[in-house]
Amino acid sequence: MENKTEREKMTHLMASFISYVSKKLPDDVEKKLAELRKIETGDLASTIYDTMAKNQKLAWDLDRPCCQDTGVLQFWVKCGTKFPLIDELESLLKDAVVESTFSMPLRHNSVETFDEYNTGRNVGKGTPTVFWDIVPNSDKVEIYTYMAGGGCTLPGKAGVLMPGMGYEGVTKFVLDVMTSYGLNACPPLLVGVGVATSVETAALLSKKALMRPIGSHNSNERAAAMEKLLEDGINSIGLGPQGMGGKMSVMGVNIENTARHPSTIGVAVNVGCWSHRRGHIIFDKNLNYEITTHSGVTL
Amino acid sequence: MSEKKILTTPIKDEDLKDIHVGDIIYLTGHIVTCRDVAHRRLIEEKMPLPVDIKGGAILHAGPIIKPLENDKFQMVSVGPTTSMRMEKFEYEFIKETGVKLVVGKGGMGEGTQRGCKEFKALHCVFPAGCAVLAATEVEEIEDAQWRDLGMPETLWVCRVKEFGPLIVSIDTDGRNMFEEKKVEYNRRKDEAYEEICKHVKFIK
């Protein structure tokens with residue numbers, strides 16, 4: 001019985017957190033956008049940035065999702081094996097999405113494949129997506145909540161390069177995405193790059209990279225240097241806000257990596273749009289929570 | 001900045017002749033949300049569009065709607081979606097419907113460019129992600145058609161006032177701002193590639 005009450009409590013808290021993330025950008029994104037706004041001086045770029053700022057204020061004042069495309073919800077959970085609600089977690093996250101969908105409201109973004117109908121509840125077979133990391137001997141859970149719209153999901157690309165193509169090949173792979181689909185994915189973008197062995201290992205890392213705060217660096221010195229090289233390189237292309245031209249293109253480039261098979265370099269790119277709705281919340285075993293991405297929030 | 005340029009539906013060919021790529025305009029009158037499946041239905045399935053948009057405007061968008069009483073709706077959040085997804089159909093779409101303003105996000109391709117030139121129409125970008133601002137510029141949802149497609153794909157007929165800013169990306173001369181920009185972007189990308197390659201020869 002007690003577990004049932006706790007389950008309901010966590011469901012409501014997560015529903016409130018999802019709704020919050022849908023209307024307010026995380027602190028690091030707000031700060032970066034303000035920085036980039038100052039650098040852009042052209043009429044068009046300035047108008048776009050000012051429109052963006054006006055929109056964020058309206059979303060807050062009117063308590064609405066700041067972008068209409070509230071994504072197919074994704075959760076990255078780092079769950080302690082001793083967290084009391086571990087067995088309930090996946091199903092309660094689904095319930096939380098439904099609750100937020102009707103209370104906020106969020107857009108109905110789950111279309112069943114092959115049968116091709118919209119479920120009308122924003123959840124479906126395998127959605128929301130829950131990625132699991134199991135943490136031994138912990139009684140806490142960390143949850144990254146992420147809403148990526150269709151626009152910034154479209155550029156996603158993964159491939160496997162031959163070692164002869166090297167990190168030069170990785171560079172080309174990333175840059176080519178920027179000037180093709182990246183243009184339409186609502187720049188300034190946050191670019192996530194995964195470097196590993198195969199398509200799925202690289203792809204998961206590229207998404208994980210987008211969970212990292214803007215301005216954080218890969219712990220490997222060369223990978224961190226490559227983050228900076230790519231950031232400066234993509235900025236020099238001058239995509240500007242909305243890809244319509246300006247001095248800058250990205251909010252940052254985050255690379256995540258693992259060791260690789262000697263014969264392959266798996267590489268993947270995922271981009272987050274300027275409206276990068278990412279939230280990070282940590283629950284202890286009594287469901288006391290801490291939010292690291294947004295300051296001053298009480299759910 | 002010069003005076004605010006406002007188009008009013010129904011739009012006539014001559015209303016568009018002095019508007020060029022890069023200009024910022026606003027729309028007063030009606031705009032209908034219309035995206036992937038609606039385009040497919042009209043062009044591939046030959047189903048007539050249940051809303052007359054001759055001289056009108058469409059918005060590539062799938063909004064968040066709140067149902068009110070008496071079959072009325074509130075526009076909660078309505079930003080543009082990636083226009084390029086509709087590229088495959090847009091030439092035929094402009095030809096069939098006589099639409100004058102296509103609003104979305106990002107660029108469109110050669111077909112739309114040809115459609116805009118031949119049939120006198122514009123493609124414009126509403127700054128994407130600015131969906132609450134756009135929603136507050138919708139005065140009323142007057143009609144909803146093809147509701148079987150679900151919330152994002154329904155044709156929501158919106159009465160709008162000074163809807164914008166709309167940045168012209170394709171004009172009636174057939175100029176295409178994104179395609180022109182892409183040439184510059186690709187040149188700078190090649191330079192960036194050469195520079196980065198000097199520093200990433202980690203395999204040796």
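# Two chains, helix by helix and strand by strand

Q: Let's start in a sheet of this predicted model. In β9(A), which residue is the bridge partner of A196(A)?
A: Strand β7 (residues 189-196) of chain A pairs with strand β9 (residues 265-272) of chain A in the antiparallel sense, over seven bridges. A196(A) belongs to one of these bridges, and its partner in β9(A) is G266(A).

Q: Which strands are the edge strands of the open sheet in chain A?
A: Four strands make up this open sheet, with mixed pairing, in the order β6-β9-β7-β8. On average, neighbouring strands are turned by 15° against each other, direction ignored. An edge strand pairs on one side only, and that describes β6 (157-161) and β8 (250-257) of chain A.

Q: At what angle does α8(A) run to β8(A)?
A: Two helices can be placed on these strands. α6(A) lies across β6, β7 and β9 of chain A, at about 25° to β9(A). α8(A) lies across β7 and β8 of chain A, and its angle to β8(A) is about 150°.

Q: How far apart are the C-alpha centres of domain 1 and domain 2 of chain A?
A: Chain A is divided into domain 1 (2-23 + 66-149 + 277-291) and domain 2 (151-272). Six residues of domain 1 are in contact with six residues of domain 2. On the domain 1 side, these are three nonpolar, one polar and two charged. The C-alpha centres of the two domains lie apart by 26 Å.

Q: Which element gives the largest share of the side of chain A that touches chain B?
A: The contact between the chains takes 53 residues from chain A and 48 residues from chain B. The elements of chain A that give two or more residues to its side are α3 (43-62), α5 (150-153), α6 (166-179) and α8 (221-237). With 10 residues, the largest share comes from α3(A).

Q: Why are α8(A) and α5(B) described as they are: roughly parallel or roughly antiparallel?
A: The axes of α8(A) and helix α5 (residues 177-197) of chain B come within 8 Å and cross at roughly 155°. Angles over 145 degrees count as roughly antiparallel. The two helices α8(A) and α5(B) are therefore roughly antiparallel.

Q: How many residues of the contact of α8(A) with α5(B) are nonpolar?
A: From α8(A), the residues taking part include L229(A), L230(A) and I237(A), and from α5(B) they include Y185(B), A192(B) and I196(B). Two residues of this contact are polar and three are charged, while the number of nonpolar ones is six.

Notes: Residues are numbered from 1 along each chain as its sequence is written. Chains are lettered from A and ligands numbered from 1 in the order in which they are written. This is a predicted model: local features need pLDDT of at least 70, side-chain atom pairs count only at pLDDT 80 or more; totals for chains, interfaces and linings use all residues. Two residues are in contact if their C-beta atoms, placed from the backbone, lie within 7 Å. Axes are lines fitted to C-alpha atoms, for helices over the stretch in contact, and angles run from 0 to 180 degrees between N-to-C directions. Angles under 35 degrees count as roughly parallel, over 145 as roughly antiparallel, 65 to 115 as roughly perpendicular and the rest as oblique. Ala, Val, Leu, Ile, Met, Phe, Trp, Tyr, Cys and Pro count as nonpolar, Asp, Glu, Lys and Arg as charged, and the others, Gly among them, as polar. Domain bounds come from an automatic or database domain assignment. Two strands pair if DSSP finds at least two bridges between them.
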